[in-house]
Each structure stands twice: as C-alpha cells, then as structure tokens.
Amino acid sequence: MAIFKAAALFTSALTEAASLVWMELAMFGLAAMCYIFFVGIPGLGATKLAAKGKKGSAVCKIQSSGACQAVTPEPRQKAAVVASSDVLGLWERAMSLGEVPQLDLASVVDSMCELGKLPSDIVDELRSALDKNPALLPSIASLPSAFLRDDRVDMLDVTLGLLEQHGHVADVSMYGGLMAALLRRRNYVAVAATGARVASDALTPRMRAILASAAAQRGLLDEAMCHLQQMPAPVEGAKSPLAPTVAVQILTLAAKEKRVPAAGADLQRLCVRLEDKQFQELLMAEGRRCNAEVCEDLLTVGAASGVPLEFGRSVLTKAQSAKSMSAVAGGLSSGELQRYASMIKTHTKERDLKCAAAVFEHLCSSGTTLTPLIYNCFLDACVQCGDFERASAHFEEMKRLSVVDTVGYNTLLKAYLSRGQTEEARNLVKEMTVCGLSANKVTYNELLHDKVMTKDRRGMWSVVEEMQAAGVKPNSVTCSIILKSLTGYSQPADLSRVIELIDSIEESIDEVLFSSVIEACIRIKQMDLLSELMKRYRQRGGFVKLSAPTYGSMIKAYGQAGDVTRVQELWAEMQERGVKPTSITLGCLTEALVINNQGDEAWELVRQQMENEERRGCINTVIYSTVLKGFAVTRCMEKVFIVYKEMRASGIPCNTITYNTMLDACAKSYAMGRASKLLEDMAETCVEPDIITYSTIIKGYCVEGDVDRAFHVLAEMKKDGKFKPDEIMYNSILDGCAKQHRVDEAMKVLDEMRASGIAPSNYTLSILVKVLGHARRLPQAFEMVESLSKQHGFRPNVQVYTCLVQACVHNRQLEKALSLHDTMVADVGCAVDDKFYVVLARGCLQMRQPLKALEVVRAAYQLPGHGLAASARRDRRPVGVDAKALEEIASKLQAAGREEREAWSKLSGGLEKSCGMRVSSECRDAWRRHPVVGGRGRGGQ
C-alpha cells in the first residue's frame, strides 16, 4: 500500500514539473516570435545591405548594426559639435603615431584654415609630417587639384613648392591653373616665377600665352616676344590662345621701341585677332607723338589683321606733317629725353645695369644738356641693381653738377635704409635741409617704413610727429604703412591715432585704405571704433563703395563679437548699395547668424537667395551645412531633416561633413533610429564615411545605452579594413560600458586598445576608475592608475583623482580618499579645482563625518585648522567650493550637534574675514532653526 502511495506522489510531482517546463518553453517561444516580428531575423539586414555595391559597403555595414527603432529623447549633457577641431585632432593623433591618417587631407587643410592658421604655417606642418612619414606624399600630391578647384591660390602655390622639394613632379595643368589665377589677380611677377618652375618644353600654348600677357603687363617686350615665338601656330579654324587685349599691349610696347614689324609678324603667325577700338586708340597715341614710322608699321599690321584703315590713314598723314615741322635746336627734344628715361627705367626693372649705363653714357656723350630726370633715373638704376658704390659716386657727381633734387635724395635715402644704415640716412636728411631742399611725403614715408620694418613703435610715431612739425601732411601711403604695423597685440590707442591721421589727409580715401582700416579694427578687436568710423564717413557723404569680401570680413567679425544687429545692418547696406554677395560673403553671414542662435533667420536667408536667380549659384554645401549645424546644436531634429530634404531637392550636394553633422545631432538627441535613413542616403549618393562617421555612430549608440550595437559597428569597421579605431572611439565604448557596469568587457576593450598601439589618456583612466569603483574593485583601480600612467608617460590629472575619490567613497574608504588629497597637492604639475573638493566634502558627509567635510572646505580655501597637506605650489590660489555645496555642508553641520555648529560658526567667520565671503540667507535661516542655547542644541540632545 505504501508503495502505491509513493508511486502516486512521484507521478504527481513529475506531472507538475513537466507542466512548469512546458510553460517556460511556451513563454520562450512567444518571446522569440515577438522579437522576430518587431526586430527581424538577426543578420538578415546585413545580408541585404551587402548587395548595395562596393562603393557604399562601408555605409551599409554601419547600417546593418540596427539603428532602426525610435528612442524617446531624454535630457543629456551638451557635447561639442563635430567640427574642424575634431578633424584636426584626428590628424594630430595620426601624426604622433607615425601613421597615414584615414582622412581626406583637403578637409584637414580646410580645418586648419578655419581655425585661423596661415598658409605658411599649414605648409610647415605638412612638411614636418612628410619628413616624419614619407608615405604621406601621395595624399599631399592630391591636394593641388582640390586647391585649384576651390581657387585657393596661396595654398596651391606653397603645396606645389613642397612637392618640388621632395622630388615629386606635379601635373603641368596645376602650374597652368596657378598661373591663370595669378594673372587674374594681376600678380605678374608671380606668374613669371611660376612659369620658371616648369620645364620649357613642358609649357603648353595656353601657359605661354599667360606668360606673354604677364610680361607685357610688366613692360618686358623681349620676354613677351620670346614666348610668342615658342608658341605653335594654331590649327586651321582654331582660336588663338592669346587674347586680343594682350596683343594690343605687346604692340604698344613694340611701338615704344620701334619694333612693330617683328611683333606684328609673331601675332599674325598666331592668328591673333585685334580689337578695332583698342588698336585705333594705340594708333592715335602714336600719332600724337608724331611717330610717323611707327604709325605706318601699325597700319601694316592692322591691314593684315583685317582692321579698318580709313581712320588710320588720316592719323598717319597728321603724324608725317607734324614730324616735318618739328625741329629741336641744340640737341634732343624733351619728348626724346623722356623716351630715353623710359629705356633706363625698363632696364632697371630687368635688373640690367649694364644696358642702363650704356643708355646714360650715350646721352652724356651726345652733348645734350641732361635734365635731373635722366640723372635720377640712372641713380635709381644703380640702387635697384645693388651697386651702392656706383650710386654714391653718381650722387656726388650730381651734387657737383648742381642737378641733385629731392627725388635724388629720396632715392639714396631708400638705399641707406635698405642696407640698415639708419644713421647715414638721418645725416642725409639733414644734408638735404642744409642744401635748401625740403623733405617731402616720400622722404618721411621711407623713414616711417624703416621704423615699421624694425618694429620700432616709438620711432614710428616719432617720425609722424616730425612730419607734422615740418608742415608735411600725411597721405594715404603714410596711413597704409602704419596700419601694416598693427597686430592683434597692438594698443587700441595706436589704431585711434591712425584713424585721426586718416581724417586729416587731404585726398579722398579709396577702398584699399579703408579695407586696411577695417582689417586693423578686426585684428585688434575694436569693433565699436569701426562702427563709429563707418558712421562718420557715411554722414560726410564720401563713403567709399566696399567690395563683397570686405563686407564679409566685417560680418564675420561682428558675428564673432555677438553683435547681430550690426551684422544685419551691414547686410542691409550691401543690398542698398548694390554690392553683389559672393559665396564667401553669404557663408560669413550664415555663420554669424548661426553662432548667435539665429538659426531660423539663417535658414530664411538661404531660402531667399535660392529664390533669386542671380544668387542661387552662391548657395553651396558649406552654407547649407552651417544651417544644419545650427539646428543640430539646438537639437531641433525636425528642422535638421527638413533643411536636409530641402538641400537635396535643390540639388546641393551633401558631403561627408554634412552627414557627420546630422549623425552627430542624432547621437546627441537620442534619435539614432533616424540614422539608418542617413546611412542609406550616403550609400545612394556614393558619399564614403570617414573615421568621424564611425566614431559618431558608436558614440550615439553608447549614449543611448545600446553598447552591443556599438561593439557591432566597431567590429564591422575593423572587418572592412579602411579605418582603424582611435582613442575617441575606444573611450566612447568604455564610457558606455561604465554606464552599464560591464567591467569585464571594459577590460577587454582596454586590452584591445593597448594591443592596437593606442595609448590611453587621462580621460580613459577616469572611465576605468569609474568602472572598477562601481564594481567594488578599488585596489585594482589604484593599481590601474599607477601602472598606466607610468607605462605611457603621463601624470594623472585632477579628473582622475576626483574619480578615485568617488570610488573610495563608494567603497566606504574615506581615509583613502583623504590621503588622495595629500598625494595630489604634492604633485606640482597637477592643478586642483573646486569640483575635487566638492566631491571629497560630500563624501565625508555621506560617510557621516561632517567635521572632516569642514576640514576639506578649510583646505579648499587655504584656511588654517585642518589636518590635510598643504600644496607644494606656493603660488597656488585657493579654489574654494561652489555656493550650493557650501550651503549643503552648512545645513548638515548646523543640523548636527553643538561641536559641529560651533565649527561651522568659526568657518563662516573665517570665510568672511579671509575671503570676503558672506554666509547666504539659507545658511542663516538654518542657524536660527538650530541655535546654541545653554550649551546644548537640538542636534546635541
């Protein structure tokens, strides 16, 4: 019977266990079905996305990590926008590791420019990087094409020079583009210098035409004709690469030297077309000079080019008549002397002193009475060609013949100053006065320029005062010289003095001078002075018409100063004066509005320009990206995506920076579910992600708490092999692990980080201390701080010590936390802050040690009466604690016993006496609620 009962009980228990197991299995199956229904089958998304092609593979792999479900936004701490500093940080880290950065080098250079670096500083940094890592050469070799496309002439020039220094021959089209850009800027000397850097047989006909044009502008006929002779004749029906205006310039020079037939033959061979109006003006000018032979030669050239000859024949007839009637007795006419003077000047420009001397000696031997003009021209030739001894001898001969004048003295004065002979220059000015010649504006401007070049501020103003005392009024050149001397470190008083000089000059100021004043005001950050100056000149009615770049500079400066009203006034003034804005001007205006929280106004501005047919082409990717960045900072996600949609609909291309800005906004707004659509668009438009794209997505998932997806994105990036994880990426994942207390995974990430050659920083150390502190592994946290800092050669900073204090409090090790204070203040290289003392004091309160908290406060204010160590730095000022923490400590102490209240009373008195701090009203109210009566308070009962 007992056996049957036992069997029944066993059967009943077995049935009950089976039912429980079945129920668990059913619940598990139901959960799996729900997961597949809402999320999808794991791995299926990646398989589908892999078919999108090689070009978008990197983006698809990021997308396969999930990023599909909506997440409710929560308030979080504000982080920095992905900007130029991030790109530059990645570049600097790559350089410190000796690796080739996985970045577009053009974007790195753009970031350097946006951060205010000069082209010379940028090329020096590229040269240093190239010297350390020659593998960068292919990346740097790709820069010239980007600079040529963006018309960045300064960067294109120095980059080509850097490539030449390292034996890399850039494509000849880069030099051609640079020469064309320099020609547009009228920098003719630089055009010739650039052409000299290219092998003669590599120069294209277009480049020869540019060189010929630059030579003609400089008055160098031989050089211009040399380039024409080396240009091949164009094929039948093709257009000549030489512009008609250049042809007329060459003919003008040939007419002066009576070499029109030779020049005309070269122009005819190249099938150059002549403009009728310009050719007729040249012909009239030669007719007025009575150059009958030249006019006849010009008519021959014009006939061969199809220019109408009726007008030309009448000019020739008049020139022939004037020549037959002109006769100068006793030597050369004044016009012929002027022509010889021009010849000497031309040889001077070419630094050909031998030919200049031959012309001068020919005139001397002709028996003609020479004017001071001829003597001064030859004196200038000696000075410009560097023959100072011959210049001095010639000047003495001029004094003997009594033909020396103020121009001659100024020429020799310039020579003395260029040689650094300041005392001799001063003596020359005195000699000039003794001879009865007065120093003029040129004299003083030369002296002033010398003082500016030697950075002699007092000497500069001394010359100005001397000039005014002599009754010589400054001119625009004087003011321009002084303005060049003003830097960001100059005194505002110097700028005010220059503006006073500008107000006193007799001639009207032009845009060049006014632009110099504006730039000086911006450099010295005297925007109020600039506003006052512009208002004053506008009221006078003589306000110059400024160019769009000048307005752009002012708009940018006022925007950085936070003066939005002035920004809008400048924009309205541009519209009123009919100044057509450029892309740069609109970019400066958009940025000025965005950085002053005027994102909606910036957006409206862009829309208005898009509606204008003439200005629509000025709106580019940079301007739209600036608007996106403004809404991203304020976390207006709906507007971010509306602007993005509008941008694509308008045909404005999005680049990697555009998408990174929007992804960063998604990360900060806890909207990573919207990132998947952006990644699809990147793949669709063939925009490749960069290291910042991956870093932003990983950070976004970690902020949302989805560390698993962050790990998945990291794995996909490493598998793709295009980029390597950097410190920022590893720190983001470590921070995500810290927030979820995933200790073991954090340690694995650290091992992987060190194995890949990335050194941990103090920020990394702070995260690790948080992780280990929460895991009750305090000894390991201390060991980690000591070992990592020693192995990688850095000192723990105050943030690391603050995290260690929090870890000690969390592990109820108050004495160890207090000893950290002594360790930290003993390190002279570690700067203590108020947050450290706040955390330590609150830890004491948490451990119910209010008197210890009081000692911490005393140490923070460097008041006597505490047992903590004093700082090893004698010059360290007290950092104190914030008001909220002080009130919290006061409340705790006054709610305690009599000893604590008396201690607080002494501390508050010491704070008021030593630091001038008054106890807040809240602390006084707390004191009234817990008074010390009869030696006992409520806390002490």
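**Helix geometry and aromatic contacts in the predicted model**

Helix 31 is followed by Gly562, a residue whose phi is positive, near 80 degrees. The model described here is predicted. Helix 31 itself covers residues 548-560, 13 residues in total, and reaches 18 Å from its first C-alpha to its last. That span is close to the 18 Å expected at 1.5 Å a residue. The buried residues of this helix are Ala548, Thr550, Tyr551, Gly552, Met554, Ile555, Ala557, Tyr558 and Gly559; two tyrosines, Tyr551 and Tyr558, are thus among them.

Packing between helices was examined for helix 25 and helix 26. Two packed helices are described by the angle between their axes and the distance between the axes. The axes of helix 25 (residues 441-453) and helix 26 (residues 457-469) come within 8 Å of each other and cross at roughly 165 degrees. Because angles over 145 degrees count as roughly antiparallel, helix 25 and helix 26 are assigned to that class. The crossing in which helix 25 passes helix 26 is left-handed.

Aromatic contacts were considered next. The structure holds eight aromatic pairs. In one of these, the ring centres of Phe360 and Tyr375 are 5.6 Å apart and the planes stand at 75 degrees, so the pair is edge-to-face. The contact links distant parts of the chain, with Phe360 in helix 20 (residues 353-365) and Tyr375 in helix 21 (residues 372-384), 15 residues apart. Phe360 has a relative accessible area of 9% and is therefore buried; Tyr375, at 10% relative accessibility, also counts as buried. An edge-to-face arrangement is likewise found for Phe836 and Tyr837, since their planes stand at 80 degrees, with ring centres 5.6 Å apart. Both Phe836 and Tyr837 are buried. Beyond individual pairs, Phe360 and Tyr375 belong to a cluster that also includes Phe378, the three residues being linked by ring pairs.

Charged side chains also lie over aromatic rings. Arg419 is placed over the face of Phe388, at 4.1 Å from the ring centre. In a second case, Arg674 lies over the face of Phe641, at 4.1 Å from the centre of that ring.

Terms used
Residues numbered from 1 in each chain as written. Predicted model: local features only at pLDDT ≥ 70, side-chain atom pairs only at ≥ 80, totals over all residues. Heavy atoms only, no water. Helix = DSSP H or I, 4+ residues; strand = E, 2+ residues; numbered from the N terminus. Expected span 1.5 Å × (residues − 1). Buried < 20%, exposed > 50% of the residue type's maximum accessible area, 1.4 Å probe, protein only. Phe/Tyr/Trp six-rings, centres within 6.5 Å; stacked < 30°, edge-to-face > 60°. Lys NZ or Arg CZ within 6 Å of the ring centre and 35° of its normal. Axes fitted to C-alpha atoms, helices over the stretch in contact; angles between N-to-C directions. Parallel < 35°, antiparallel > 145°, perpendicular 65-115°, else oblique. Left-handed = near helix turned anticlockwise from the far one by under 90°.
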